[in-house]
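Colleague: I have not looked at this model before. Could you put it up, so that we can go through it one question at a time?

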Amino acid sequence: MPAPVDGEQHALAVFCAAVPELRARAVRNFWEDTLEMHVAEVAAGGSAVSACRELDLSVAPPPNRDDGVGARTDWLAAPSLVGAYVCPGKRCPRRADRDEQARPPRCAVFDEQMRFVRC
Ligand SMILES: [Zn+2]
């Protein structure tokens, strides 16, 4: 049975990134309990792949590991901090930036504020 860890990790990141939007939709359409059930299952170690499938969330194949690493043209270091927010404990592989209001992102699955790491 093909159950690559990478696919599961990728689905977890997709699921985590989608949860805030899904919550807004769930509240409007009265399926909040269903969504929270899936979030709780995934946080408890359940399959993010099946949670995405049951919620009709399309998960693109995991990006090629070489993507974004090749031919870089920005040789000069940016004057600001370069990095991304990651989940504390590294259970969720999602990486994110601050939102439109410049607030640090939260991991929606584990309900923790994400931690900034420098690249
Ligand atoms: Zn997360």
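Colleague: Which residue in strand 5 does Ala84 stand opposite?

Modeller: This is a predicted model, in which local features need pLDDT of at least 70, side-chain atom pairs count only at pLDDT 80 or more, and totals for chains, interfaces and linings use all residues. Residues are numbered from 1 along each chain as its sequence is written. Strands (E, at least two residues) and helices (H or I, at least four) are DSSP runs numbered from the N terminus. Strand 1 (residues 83–86) and strand 5 (residues 115–118) run antiparallel and are joined by 4 bridges, and the residue of strand 5 opposite Ala84 is Val117.

Colleague: And which residue is the bridge partner of Tyr85 in strand 2?

Modeller: Strands count as paired if DSSP finds at least two bridges between them. Strand 1 and strand 2 (residues 95–96) have 2 bridges and pair in the antiparallel sense. The partner of Tyr85 in strand 2 is Ala96.

Colleague: Which strands stand at the edges of the sheet?

Modeller: The open sheet is formed by 3 strands with antiparallel pairing, in the order 2-1-5. A strand at the edge has a single partner strand, so one of its sides is left without a neighbour in the sheet. Those at the edges are strand 2 and strand 5.

Colleague: What pattern does the chain follow along its sequence?

Modeller: There are 3 helices and 5 strands in the chain. Read along the sequence, their pattern is α-α-α-β-β-β-β-β.

Colleague: Which helix gives the most residues to the largest nonpolar core?

Modeller: A nonpolar core is a set of buried Ala, Val, Leu, Ile, Met, Phe, Trp, Tyr and Cys residues joined through C-beta atoms within 7 Å; a residue is buried with 20 or more other C-beta atoms within 10 Å of its own, exposed with 12 or fewer, and partly exposed in between, the C-beta atoms being placed from the backbone. The largest core has 19 residues, and Leu12, Phe15, Cys16, Ala48 and Val109 have the most contacts inside it. Two or more residues each come from helix 1, helix 2 and helix 3 (48–54). With 7 residues, the one that gives the most is helix 1.

Colleague: Which residues does Leu12 touch?

Modeller: Touching means contact, that is, C-beta atoms placed from the backbone and lying within 7 Å. Residues up to four places away in sequence are not counted here, and those touched by Leu12 are Val42, Ala48, Cys92, Pro93 and Val109.

Colleague: Why do the buried residues of helix 2 line one face of the helix?

Modeller: Helix 2 has 12 residues and spans 16 Å from first C-alpha to last, close to the expected 16 Å, where the expectation is 1.5 Å times one less than the number of residues. The buried ones include His38, Val39 and Val42, whereas Asp33 and Ala40 are exposed on the other side. The arc uses directions from the helix axis to the C-beta atoms. The buried residues line one face because, seen down the axis, they fall within an arc of 100 degrees.

Colleague: Is Phe30 buried or exposed?

Modeller: Phe30 lies in the loop between helix 1 (5–29) and helix 2 (32–43), and has a positive phi of about 60 degrees although it is not a glycine. Because 8 other C-beta atoms lie within 10 Å, Phe30 is exposed.

Colleague: Is Asp111 buried or exposed?

Modeller: Asp111 is in the loop between strand 3 (106–107) and strand 4 (112–113); its phi is positive, about 55 degrees, and Asp111 is not a glycine. It has 10 other C-beta atoms within 10 Å, so Asp111 is exposed.

Colleague: How many Å apart in space are Arg91 and Ala13?

Modeller: Arg91 sits in the loop between strand 1 and strand 2. With 15 other C-beta atoms within 10 Å, Arg91 is partly exposed. Arg91 and Ala13 are 78 residues apart in sequence, and in space, C-alpha to C-alpha, they are apart by 9.8 Å.

Colleague: What percentage of the chain do buried residues make up?

Modeller: Of contacts between residues at least 6 apart in sequence, 61% join residues at least 24 apart. The chain has 119 residues, and the buried ones make up 19%.

How values were computed:
Two residues are in contact if their C-beta atoms, placed from the backbone, lie within 7 Å.
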